[in-house]
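User: Please take one part of this entry and go through it closely, from one end to the other. Give the cut-offs behind each term as you reach it.

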Amino acid sequence: MNLLAPVRRDRILAELPQCLRKEAALHMHKDFHPRVTCACQEHRTGTVGFKISKVIVVGDLSVGKTCLINRFCKDTFDKNYKATIGVDFEMERFEVLGVPFSLQLWDTAGQERFKCIASTYYRGAQAIIIVFNLNDVASLEHTKQWLADALKENDPSSVLLFLVGSKKDLSTPAQYILMEKDALKVAQEIKAEFWAVSSLTGENVREFFFRVAALTFEANVLAELEKSGARRIGDVVRINSDDSNLYLTASKKKPTCCP
Ligand SMILES: Nc1nc2c(ncn2[C@@H]2O[C@H](COP(=O)(O)OP(=O)(O)OP(=O)(O)O)[C@@H](O)[C@H]2O)c(=O)[nH]1
Ligand SMILES: [Mg+2]
């Protein structure tokens, strides 16, 4: 892959994409954190060149992890099941607020016999996507175990979580409503953002990955600003805290300030 090629025009994010359901969202602010917007405008985003976030995708076998990634990255869909052996890897490039940004997507195997290999790739994730099949309640029940395993290798206080129900095209509206209720409960419990997608039709796939890119980018830049001590006296930016804390200081400032 040529990392120097221009970012695709349809991978440019100038605004914060919105959540699917406000009941289970990582935050519901309409715009990027003002400090992030300012830092991007002033090219103070830290890392020289481009920023990368590692994202791991976990969940039961055959829930549709590979198809989800392939729909977004390659715009393809394969109706035949080919189990992932160990892990696969895709790099997807974006431009967020004018800054080059890449998501490293680690597609792990759901089959028990490959779990051991796959789990060695869990470390250092900025986001964890836990996928379940909207038509299989057992796969939703198993999400907590997948999360627990992934968190063993990561810092639970800094990783962003997404709970994704797949194969929406196979549910009737009535079935979907029932499953969504249970899924929202799980998402709230584990503090994950909930999404429902179909890789077959493409429903919500692009919106979901844009949201993942935007929120990991935002967290990434805030962490850089925190690290570089780009703080004003009395200005508390609490990364990895709950969203009301995260936005506390910003909301008291003039929206256009650039500290
Ligand atoms: N109808 C429908 N089928 C889907 C969808 N997503 C995946 N599938 C089918 O589900 C099966 C499994 O999909 P995969 O993406 O390979 O599942 P996986 O989670 O990667 O499985 P492992 O690699 O074994 O962990 C395949 O036959 C897909 O065609 C979807 O959105 N709708
Ligand atoms: Mg797979």
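Analyst: Helices (H or I, at least four residues) and strands (E, at least two) are taken as DSSP runs and numbered from the N terminus. The model is a predicted one, in which local features need pLDDT of at least 70 and side-chain atom pairs count only at pLDDT 80 or more, while totals for chains, interfaces and linings use all residues. Residues are numbered from 1 along each chain as its sequence is written, chains are lettered from A and ligands numbered from 1 in the order in which they are written, and side-chain values use heavy atoms, with hydrogens and water left out.

The part chosen is the sheet, together with what lies against it. The chain has 9 helices and 7 strands. The 7 strands make an open sheet of mixed pairing, in the order 1-3-4-2-5-6-7; two strands pair if DSSP finds at least two bridges between them. Its edges are strand 1 (12-13) and strand 7 (193-196), each of which pairs on one side only.

Strand 3 (residues 87-96) runs antiparallel to strand 4, and 10 bridges join the two. Asp-88 stands opposite Asp-107, a residue of strand 4. The loop between strand 3 and strand 4 holds Leu-97, which has a positive phi of about 50° although it is not a glycine.

Helix 1 (residues 34-41) is the next piece. Arg-35, Val-36, Cys-38, Ala-39 and Cys-40 of this helix are buried, where buried means under 20% relative accessible area, exposed over 50% and partly exposed in between (1.4 Å probe, protein chains only). The buried residues of helix 1 pack against strand 4 (99-108) and against helix 7 (205-227), a contact being heavy atoms within 4.5 Å. Cys-40 counts as buried because its relative accessibility is 4%. The C-alpha atom of Cys-40 is separated by 31 Å from that of Glu-153, 113 residues away along the chain. Just after helix 1, His-43 has a positive phi of about 55°.

Strand 3 and strand 4 also meet helix 3 (residues 112-119): together with helix 5, they are among the elements that cover its buried residues. Those buried residues are Phe-114, Lys-115 and Ala-118. Seen down the axis of helix 3, they fall within an arc of 130°, so they line one face of the helix; the arc is taken from the directions from the helix axis to the C-beta atoms. An α-helix has 3.6 residues a turn, so residues three or four places apart point the same way. On the other side of helix 3, Arg-113 and Cys-116 are exposed.

Helix 5 (residues 143-152) lies across strand 2 (51-58), strand 5 (127-133) and strand 6 (160-166), at about 160° to strand 5. Such angles run from 0 to 180 degrees between N-to-C directions, with axes as lines fitted to C-alpha atoms, for helices over the stretch in contact. Helix 6 (residues 173-190) lies across strand 5, strand 6 and strand 7, and runs at about 155° to strand 7.

At the strand 7 edge, strand 6 and strand 7 pair in the parallel sense over 4 bridges. Phe-162 has Glu-193 of strand 7 as its bridge partner. Between these two strands the chain passes through helix 6, giving a right-handed β-α-β crossover: with the strands pointing away from the viewer, the path from the first strand over the helix to the second runs clockwise. In a regular strand the side chains alternate between the two faces of the sheet. In strand 7, Glu-193 and Trp-195 point one way, Phe-194 and Ala-196 point the other way, and all are buried.

Past this edge, the loop between strand 7 and helix 7 contains Asn-204. Its phi is near 65°, a positive value in a residue other than glycine. Asn-204 counts as buried because its relative accessibility is 15%.

For the chain as a whole, 50% of the 259 residues count as buried. Of the contacts with a separation of 6 or more, 76% are between residues 24 or more positions apart.
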